[in-house]
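Welcome! Here is a friendly walk through a structure that may be new to you. Have a look at the sequence and the model, and then read on.

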Amino acid sequence: MLIGCSGGADSLALAAAASFLAAKQQLRVGAIIVDHGLQTGSADVAHTAANQLRGLGLEPVLVRRVAPAGTTEAEARSARYAAFEQALADTGATAVLLGHTLDDQAEQVLLGLARGSGTRSLAGMPAARGPYVRPLLGLRRADTEAICAHEGLDYWVDPTNADTSLLRNRVRHELLPLLEDALGPGLAEALARTATLTRRDADHLEAETAEVAARIELPCPDPSGVLLDLSLLRGLDPALLGRVLRAAVVHCGAPAPGFERVAALEKLVGGGGSAGPIQLDGHAEARRHRAGTHPETVRAVIAITGPGSAPTPGLWQS
């Protein structure tokens, strides 16, 4: 396994724990340090972290300098994960262990709540997804700092973590302490439990959505389009209807629609008013149609067509 290490307390504490297990021959552990080059002295931070990881017995310790497409958190994350993927390929490792803690999870849940983007957003970060594993989601940030102190590890404190112009930092330094003052201690733990419970619900609903979508999707002559049986759509529980419609839009190659666009799609399913088109992001659109070329096969459908779609002439009837 590889430790994804920034040089901060969380990832160094994780490295120390993994080193302990590796010494007992339960794991083979290396590390990958990604230097984004966005801050003065970042190469020195990477060098210091690498020396400490080698001192813990980790091997190999890879340092990768990457060039994000921009300076945003999302762009840095994309470059970082590309480096992780390359490190997995280069070393043959089976997993990258990440040092996210319970505090990170609580912040993620609050950010998801603020976005109002539903169950999956409130589920926070998974303990494992593909090769990425987060073993420290049950520990507080203070715990990882205590581990580093115990092991004599000199961890780096990212100066941007104090910048409250960034939303996540305002949640960390202002909102969470304010809520804990108002609601009492244990809020971060409660938010993390919410993520665990909500993830179970989200996983179940997504599996059911895939099963339902396969049942109500009709053959479509347009490879960039999806046909959904209208009568079956109208029989779905609202908790599934929006998810099926959102998944169909994504299947067409368009971005996932937000709350307002999904509500418009649900209104299209319900009937009455216009039969469309409803314009969606990515040059996609949805219409209510009767589809088929023979009277006995004509069915009422919702037709969702993606970017560059060109429906077959004669197939569609308003």
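What follows moves from the whole protein to a few chosen places in it.

## The whole protein

Please keep in mind that this is a predicted model. The protein has 11 helices and 12 strands. Its C-alpha atoms fill a box of roughly 80 × 50 × 40 Å along the principal axes. There are 318 residues in the protein, and 43% of them count as buried. Among the contacts with a separation of 6 or more, 63% are between residues 24 or more positions apart.

The protein is divided into two parts: domain 1 covers 2-179, and domain 2 covers 219-305. Between the C-alpha centres of domain 1 and domain 2 there are 40 Å.

## The start of helix α4

Our next stop is T101, in the loop between β4 (96-97) and α4. Is T101 buried or exposed? With a relative accessible area of 0%, T101 is buried, because buried means under 20%. Leaving out residues up to four places away in sequence, T101 touches D10, L136, L137, L139, R140, R141 and T144.

D103 has its place in helix α4, which runs over residues 102-115. The relative accessibility of D103 is 10%, so D103 counts as buried. Setting aside residues up to four places away in sequence, D103 touches L139, R140 and R141. Two of these partners can be described by polar atoms. The side chains of D103 and R140 are joined by a polar contact of 2.9 Å. As for R141, its backbone nitrogen lies 2.6 Å from a polar atom of the D103 side chain.

L139, R140 and R141 are thus worth finding in the model: they are among the residues that T101 touches, and D103 touches them as well.

## Two packed helices

Now turn to helices α10 and α11. Two packed helices are described by the angle between their axes and the distance between the axes. Helix α10 (residues 238-251) packs with helix α11 (residues 259-270) at an angle of about 110°, and the axes are 10 Å apart. Angles of 65 to 115 degrees count as roughly perpendicular, and α10 and α11 are therefore roughly perpendicular to each other.

Which residues make the contact? On the side of α10 they are P238, L241, G242, L245, R246 and V249, while α11 brings V262, L265, E266 and V269. Sorted by class, the contact of α10 with α11 has 7 nonpolar, 1 polar and 2 charged residues.

In the loop between α10 and α11 you will find G253. At 56% relative accessibility, G253 counts as exposed, because exposed means over 50%.

## The loop between β9 and β10

G282 sits in the loop between β9 (278-280) and β10 (284-291). G282 has 31% relative accessibility and so counts as partly exposed. Not counting residues up to four places away in sequence, G282 touches P255 and P307.

H283 is found in the loop between β9 and β10 too. At 73% relative accessibility, H283 counts as exposed. What is the phi of H283? It is positive, about 60°, although H283 is not a glycine.

## A cis peptide bond

Most residues other than glycine have a negative phi, and most peptide bonds are trans. Alongside the positive phi of H283, the model has a cis peptide bond that joins E59 and P60, with omega about 0°. P60 lies in the loop between α2 (42-55) and β3 (61-65).

## Some distances across the protein

One more residue joins the picture here: D181, in helix α7 (residues 167-183). At 70% relative accessibility, D181 counts as exposed. The table pairs D181, G253 and G282 with other residues and gives their separation along the chain and in space.

| Pair | Apart in sequence | C-alpha to C-alpha distance |
|---|---|---|
| D181 and S121 | 60 residues | 25 Å |
| G282 and T198 | 84 residues | 30 Å |
| G253 and V29 | 224 residues | 39 Å |

Notes:
Residues are numbered from 1 along each chain as its sequence is written. Side-chain values use heavy atoms; hydrogens and water are left out. Helices (H or I, at least four residues) and strands (E, at least two) are DSSP runs, numbered from the N terminus. Buried means under 20% relative accessible area, exposed over 50%, partly exposed in between (1.4 Å probe, protein chains only). Contact means heavy atoms within 4.5 Å. Domain bounds come from an automatic or database domain assignment. A polar contact is a pair of N or O atoms within 3.5 Å; within protein, one must be able to donate a hydrogen and the other to accept it, and residues adjacent in sequence count only if both atoms are side-chain atoms. Axes are lines fitted to C-alpha atoms, for helices over the stretch in contact, and angles run from 0 to 180 degrees between N-to-C directions. Angles under 35 degrees count as roughly parallel, over 145 as roughly antiparallel, 65 to 115 as roughly perpendicular and the rest as oblique. Ala, Val, Leu, Ile, Met, Phe, Trp, Tyr, Cys and Pro count as nonpolar, Asp, Glu, Lys and Arg as charged, and the others, Gly among them, as polar.
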